[in-house]
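The exercises below are meant for a reader who is meeting this structure for the first time. Please work through each task with the sequence and the model in view before reading its solution.

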Amino acid sequence: MQTNGIHSFRAQVEQGTSHRMNAPVSRNDNRGERNNSKAEQPIFTIDFFEDAELLPVLTTYSMRMLAVALVLGVGAFFAAPYIMHGISWAERDALLSGKISCVGWLLGIAGSVVLCCVVHELIHALCFKLFGPVHASVYLGCRFALGICYASAPGIRYRAQDYMCICLAPAIIVSLVCVFIACYTGLWLTFFAIASLHLAACTGDFYMVARIWQYPQISSCEDTAQGMIAYVEDDVCAG
Ligand SMILES: [Zn+2]
């Protein structure tokens, strides 16, 4: 049922308290330079690799985003030339006339999405460096079994606002670059497909931002190899 995913997603968000105090890292392990003079306690953790309930929820949301994109893309393919005059549909005409093979077009999109994912993680890595201390060590990796690529700066704490910027930067920058290239080349369908597939792969980032956004009292976020740990100051806990 369609609403099940929404309810389970909300449940995941609301279960923030169930993850509280499970953080495996103590304040003494903090290697960051931000907020380390303040006493803080973990309020929740996110573990993309070990939380068995989380990945299916994120996958469901990715599939829904792709379904919406597919409907919009197919609708544009057939209807846009009649209702959106003045826009070049070069790849549509080329596909319909056989100048471009559908298989080749799809392979090109798949390769571009892989490239986007690499750029995505590099943007995360750059942001980890920009917002973090000079000595921050940033790692890039991939879990093929889970289909997850990641960049992490384990042990480094960031201000909550900065961590949300780190999470959202790749989704925003890659999407804007796709829009820019589409404007420049006129390949609207191609780059709409690439941007949609990339955004569907960003649900983990969106999930972290949603969790942080839900708790305005979060003072810092510590990146971990598996996800993140959110902290609040001790006086907030006591209050
Ligand atoms: Zn990401």
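**Exercise 1. Find how strand 1 is joined to strand 6, and place both in their sheet.**

Solution. Begin with the pair itself: strand 1 and strand 6 (residues 227-233) run antiparallel and are joined by seven bridges. Two facing positions help to locate this pairing in the predicted model, since Asp47 stands opposite Gly227 in strand 6, and Pro42 stands opposite Tyr231 in the strand 6 partner. Next, widen the view to the sheet, which is open and is formed by four strands in the order 1-6-5-4, with antiparallel pairing. Its edges are strand 1 (40-47) and strand 4 (157-159), each of which pairs on one side only. Finally, consider the twist: on average, and with direction ignored, neighbouring strands of this sheet are turned by 30° against each other. As background, strands of a sheet pair through backbone hydrogen bonds, either parallel or antiparallel.

**Exercise 2. Trace the pairings of strand 5, and decide whether strand 5 is largely enclosed or not.**

Solution. Take one neighbour at a time. Towards strand 4, strand 5 is joined by three bridges, and the two strands run antiparallel; here Tyr158 stands opposite Cys221 in strand 5. Towards strand 6, the pairing is again in the antiparallel sense, and it extends over five bridges. In this second pairing the bridge partner of Ile218 is Val232 in strand 6, while the bridge partner of Ser220 is Tyr231 in strand 6. Strand 5 and strand 6 also form a hairpin, with three residues between them. Now turn to burial, for which a residue needs 20 or more other C-beta atoms within 10 Å of its own. Six of the six residues of strand 5 are buried, so strand 5 is largely enclosed by the rest of the structure. Strand 6 is likewise largely enclosed, because six of its seven residues are buried. A helix belongs to this picture too, for helix 7 (residues 203-214) lies across strand 1, strand 5 (218-223) and strand 6, and runs at about 150° to strand 1.

**Exercise 3. Describe how helix 5 and helix 6 are placed against each other.**

Solution. First look at helix 6 (residues 188-200), which has 13 residues and reaches 18 Å from its first C-alpha to its last, close to the 18 Å expected at 1.5 Å a residue. Helix 6 is mostly covered, with twelve of its 13 residues buried, among them Trp188, Phe191, Ile194 and His198. Two packed helices are described by the angle between their axes and the distance between the axes. For helix 5 and helix 6 the angle is about 175°, and the axes are 9 Å apart. Angles over 145 degrees count as roughly antiparallel, and helix 5 and helix 6 are therefore roughly antiparallel to each other. The contact itself brings Ala171, Val174, Ser175, Cys178, Ile181 and Ala182 of helix 5 to meet residues of helix 6 that include Trp188, Phe191 and Leu199.

**Exercise 4. Is Ala182 buried, partly exposed or exposed, and which residues does Ala182 touch?**

Solution. Locate Ala182 in helix 5 (residues 160-185). The next step is a count: 19 other C-beta atoms lie within 10 Å of Ala182, so Ala182 is partly exposed, given that a buried residue would need 20 or more. Leaving aside residues up to four places away in sequence, Ala182 touches Leu187, Trp188 and Phe191. Ala182 and Phe192 are ten residues apart in sequence, and their C-alpha atoms are 8.0 Å apart in space.

**Exercise 5. What share of the residues reaches a pLDDT of 70 or more, and where does pLDDT stay under 50?**

Solution. Start with the protein as a whole, which has eight helices and six strands, and in which buried residues make up 28% of the 239 residues. The mean pLDDT is 80, and 79% of the residues reach 70 or more. Over residues 1-35, however, pLDDT stays under 50, and for this stretch the model has 50 contacts beyond four places in sequence. As a last step, consider contacts with a separation of 6 or more: residues 24 or more positions apart account for 74% of them.

Note on methods:
Residues are numbered from 1 along each chain as its sequence is written. This is a predicted model: local features need pLDDT of at least 70, side-chain atom pairs count only at pLDDT 80 or more; totals for chains, interfaces and linings use all residues. Two residues are in contact if their C-beta atoms, placed from the backbone, lie within 7 Å. pLDDT is the predictor's confidence in each residue, from 0 to 100. Two strands pair if DSSP finds at least two bridges between them. Axes are lines fitted to C-alpha atoms, for helices over the stretch in contact, and angles run from 0 to 180 degrees between N-to-C directions. The expected span of a helix is 1.5 Å times one less than its number of residues. Angles under 35 degrees count as roughly parallel, over 145 as roughly antiparallel, 65 to 115 as roughly perpendicular and the rest as oblique.
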